[in-house]
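Please look over the sequence and the structure shown here before reading the briefing that follows.

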Amino acid sequence: MSLLSSPDGRFLVFLSGRSSVDSGAHSATDSLHRIDWPVNGHLSSLKIIDVIPIVQSAEDGCFPGLYCSNFIPNPWLSDGCTMIVSSAWGSIQVILSVNVLSGDVSRISPTDSNFSWNLLTLDGDSIIAVFSSPVDVPQIRYGYLVDKEIKNAAWDWSDVSSPIFGCSAKVNSLLSCRQFTILKIPVKDVSECLTKGASKPFEAIFVSNQSKKNDVCDPLIVVLHGGPHSVSLSGFAKSYAFLSSLGYSLLIVNYRGSLGFGEEALQSIPGKVGSQDVNDVITAIDHVIDTGVASPSKIAVIGGSHGGFLTTHLIGQAPDKFVAAAARNPVCNLASMVGTTDIPDWCYVETYGVGGKTKFTEAPSAEDLALFHSKSPISHISKVKTPTIFVLGAQDLRVPFSNGLQYAWALKEKGVEVKILMFPNDVHAIERPQSDYEGLLNIAVWFNKYCK
C-alpha cells in the first residue's frame, strides 16, 4: 500500500490491494481511497472514502481499473487535489489524472497511438514522461495543460532532445522496418458460467515486418508473460526488439488473467491454470494464422515463470504446433514446487481458485498433490517432441531450478533435444547483465536452428 498526504495536509490518499488479499491472487486491480484529516484532531471520526473503486468489467474503450503499484514522490498538480499516475490500460501503459475529491479519472497521455507512456516526474503543472513501443526506443516527452481554467483541459506533448536514449544507426535501421499492432482476440467457446469481463476479447501485441518477402510470412515467436497476474505492455523491451530484429514476428499474448482488463477477467484464471490460459494462447495463434499474417509451419514459444508454465504446457498439449521452445525458470510440476517454493499459497490459489486460500497448508494431502500434478505441464510430458532450451537460476527460491531440471531430464530420457543453461548466481528473474545477455543469445541461436 502507498500512502501520501495532500500538499495542504487536509487529507491522505492510499492505494489498496484489498482485491488481491481477498482473492489470494498475488496481483489484482487496485483501488484508491481518501481519508479526510479531522480539523478537530479527533481520530475517531476518520472515514475512508472511495476515490477509484475496483472496476469489475469496463465497457469498450473505457477506464478498465487502476493498476498502479506506487506513486512518484510528488504526484500533485498545483490545484492540490489532482494526482498524476501511470497505469496499465489493456496492453498499453498510460498516464492518468485523478481528482481525489471528485473521483474523476482522465487519460492524459495521447490516445491516438498504441505507444506506452511512463510518468517520470512533475514540475508544477508540467510532466516529464517517457514513451516507447516494441519497435521504437524510449523518448522523453514534456507535457503541459493547454488551458488550466477549463475542466478536462487537453494536454499538449512536446519532444525533448536527449542523448540518453540514442541508439546506433544499425539498431535504428533494423527497427525502422518493423511495425506493431494490438490485436483483439475473441474468446473461444464462451459459456454462460463466464462473467461478463471474462467473456470479453483479450489482447495480443503483434510485431512484424512492414512488408512480406516474396509473400512469405516470417517465423513466429509466441511470447508469454509470467504471473499469471502480470501484463506485457506495448513499451520497448530489448529482448523483444532483439528477437524481432533477427527476422521474427512476435505474438505477445495477454491472456485472460492479465492485469489491465478489469477484475472479472483477471479473476477468471485461478482454478483454471493449464487450461483457460493455454486455450487463450492457442486461440491467439490460430487468429494470426487465419488472418494470413503468420505461417503454421514455423512457430516457436518462449516464457518465464508462469510463462514457462504455459510454454511447457503448450508443447505438451499442442505437440505439433511448435518447432522450438524456450523456458526460463518454468513452473513444470506444482506437486514438487509446493514444498520448496517461497510462495506455496500461490500453488493452492491458482490450482483451486479463491477456495485455495482456505485449503492452503504446509502439508498438502494426497488429493492436493494429485490435483497439482494434473494441472502441471509434466502431466503432458509423454506427448512432447519440441526441442526446448531451459534457462535456470540456481538461486531461485520462487520456482526452484529442480522444477525445470526434472522436466528437462524427462525430455532427454525420451529422446527430445534439450539444452540447459544454469546460472549459478541468479535468482528468479535472471537479470544479471551477463546472464541476461548469454541467456537471450543462446535462445536466439536455438530458435534460428529450428525456425530458419
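The buried residues of helix α13 are covered by elements that include β14 (220-224), α4 (238-245), β16 (299-304), β17 (324-328), β18 (388-393) and β19 (418-423), where contact means heavy atoms within 4.5 Å. This is a predicted model, in which local features need pLDDT of at least 70 and side-chain atom pairs count only at pLDDT 80 or more, while totals for chains, interfaces and linings use all residues. Residues are numbered from 1 along each chain as its sequence is written, and side-chain values use heavy atoms, with hydrogens and water left out.

**Helix α13**

- The buried residues of α13 (under 20% relative accessible area with a 1.4 Å probe, protein chains only) include Ser435, Asp436, Leu440, Trp446 and Phe447.
- Seen down the axis of α13, the buried residues fall within an arc of 165°, so they line one face of the helix, the arc being that of the directions from the helix axis to the C-beta atoms.
- On the other side of α13, Pro433, Gln434, Tyr437, Val445 and Lys449 are exposed, a term that means over 50%.

**The sheet β8-β9-β10-β11**

- Four strands (DSSP runs of E, at least two residues, numbered from the N terminus) form an open sheet in the order β8-β9-β10-β11 with antiparallel pairing, where two strands pair if DSSP finds at least two bridges between them.
- Because β8 (116-123) and β11 (155-159) stand at the edges with a single partner strand each, one side of each is left without a neighbour in the sheet.
- Strands β9 (residues 126-133) and β10 (residues 136-145) run antiparallel and are joined by seven bridges, and Ile128 has Tyr142 in β10 as its bridge partner.
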